[in-house]
Amino acid sequence: MELNVIGAQPLTVSDEVFGRELNNALIHQVVTAYRAGGRAGTKAQLSRGEMSGTTKKFKKQKGGGARHGDYRAPIFVGGGVTFAAKPRSFEQKVNRKAYRVAIRSMLSELNRAGRLKVVPGFDFEKAQTKAMISKLAELEVSGRVLLVSEEATEALYLSARNIPYLHVVDVLALNPVSLVGSDYVVLTVDAVKKVEEWLA
């Protein structure tokens, strides 16, 4: 199949990468796993046994007052937590093959919906925010835009830094959450070739 390149000849690409059917279930699984892997999992609370304080019985067993052993019990203010949270990993295992199939599925759906734009490149020798805005206007993209370059140079990054709806990544940083959360995805020709090599 061919991808339309704005201002240049069409680019021949693999049907396996840009022509797959949409797999919502797999995309949901991969996006959920990716976001879960980003969680810190550092929450920690003290259980009753870990609280500091005396274990002395604070009231006599009979003759007034509740029958209780110490103030570290969860029912008291300042006591331990009943089911205390402990540091844990939220990582979910996703097979490499399934991950790549999900990325292919997302790219294919973006292409079918006309939300995938391919450009020859972004040649910025220095940071030029105005030039970047005018370039995006030529591409007729709106909403949240993901710009994928073969290599995110400093000039390209600085040109996009002050545009709130634009996010720049290189091919190695391309991820399912960025693809799902973008209204339009703009790739350079070199980035398309590198994505094909990665997902082939």
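Select Asp70 first, in the loop between helix 2 (24-37) and helix 3 (96-112). Keep in mind that this is a predicted model. Is Asp70 buried or exposed? Its relative accessibility is 10%, so Asp70 counts as buried, the cut-off for buried being under 20%. Now show the side chain of Asp70 and the backbone of Arg72: the side chain reaches the backbone nitrogen of Arg72 at 2.8 Å. Then add the residues that Asp70 touches, leaving out those up to four places away in sequence. They are Arg48, Thr54, Thr55, Lys56, Phe58 and Phe76.

Next, go to helix 3 and select Val101. With a relative accessible area of 15%, Val101 is buried. Add Arg20 and Leu26, which are in contact with Val101 when neighbours within four places in sequence are set aside. Then select Val17 and draw a distance from its C-alpha to that of Val101. The two residues are 84 residues apart in sequence, but their C-alpha atoms are 8.4 Å apart in space.

A similar pairing starts at Ala8, in the loop between strand 1 (2-3) and strand 2 (11-12). Ala8 is partly exposed, and its relative accessible area is 42%. How far apart in sequence and in space are Ala8 and Pro120? In sequence they are 112 residues apart, while from C-alpha to C-alpha the distance is 6.9 Å.

Move on to Glu140, in the loop between helix 4 (129-139) and strand 4 (145-149). Look at the backbone here: Glu140 has a positive phi of about 60°, although it is not a glycine. Most residues other than glycine have a negative phi. Glu140 counts as exposed, because its relative accessibility is 63% and the cut-off for exposed is over 50%.

Now select Ser182, in the loop between helix 6 (176-180) and strand 6 (184-188). At 7% relative accessibility, Ser182 counts as buried. Which backbone atom lies 2.6 Å from a polar atom of the side chain of Ser182? Show Ser178 to find it: the atom is the backbone oxygen of that residue. Then display Arg115, Arg144 and Leu146. These three residues are in contact with Ser182, leaving aside its neighbours within four places in sequence.

Finally, clear the selections and view the whole chain as a cartoon. The protein has seven helices and six strands. Follow the elements from the N terminus and the order reads β-β-α-α-α-β-α-β-α-β-α-β-α. The radius of gyration is 27 Å, well over the 16 Å that the globule rule gives for 200 residues, so the protein is more spread out than a compact globule. Rotate the C-alpha trace to look along its principal axes, where it spans about 95 × 35 × 25 Å.

Some totals can be kept beside this view. Of the 200 residues, 36% are buried. Among contacts with a separation of 6 or more, 69% are between residues 24 or more positions apart. Switch on the surface: the accessible area comes to about 12,500 Å², and carbon and sulfur atoms account for 49% of it. Last, colour the charged residues. There are 29 positive and 20 negative charges, and the mean positions of the two groups are 22 Å apart.

Terms used
Residues are numbered from 1 along each chain as its sequence is written. This is a predicted model: local features need pLDDT of at least 70, side-chain atom pairs count only at pLDDT 80 or more; totals for chains, interfaces and linings use all residues. Side-chain values use heavy atoms; hydrogens and water are left out. Helices (H or I, at least four residues) and strands (E, at least two) are DSSP runs, numbered from the N terminus. The radius of gyration is taken over C-alpha atoms; the globule rule is 2.2 Å times the number of residues to the power 0.38. Buried means under 20% relative accessible area, exposed over 50%, partly exposed in between (1.4 Å probe, protein chains only). Contact means heavy atoms within 4.5 Å. Accessible areas come from the Shrake-Rupley method with a 1.4 Å probe; for residues, only the protein chains shown count as cover. Lys and Arg count as positive and Asp and Glu as negative; His and the chain ends are not counted. The place of a charge is taken as NZ of Lys, CZ of Arg, CG of Asp or CD of Glu. A polar contact is a pair of N or O atoms within 3.5 Å; within protein, one must be able to donate a hydrogen and the other to accept it, and residues adjacent in sequence count only if both atoms are side-chain atoms.
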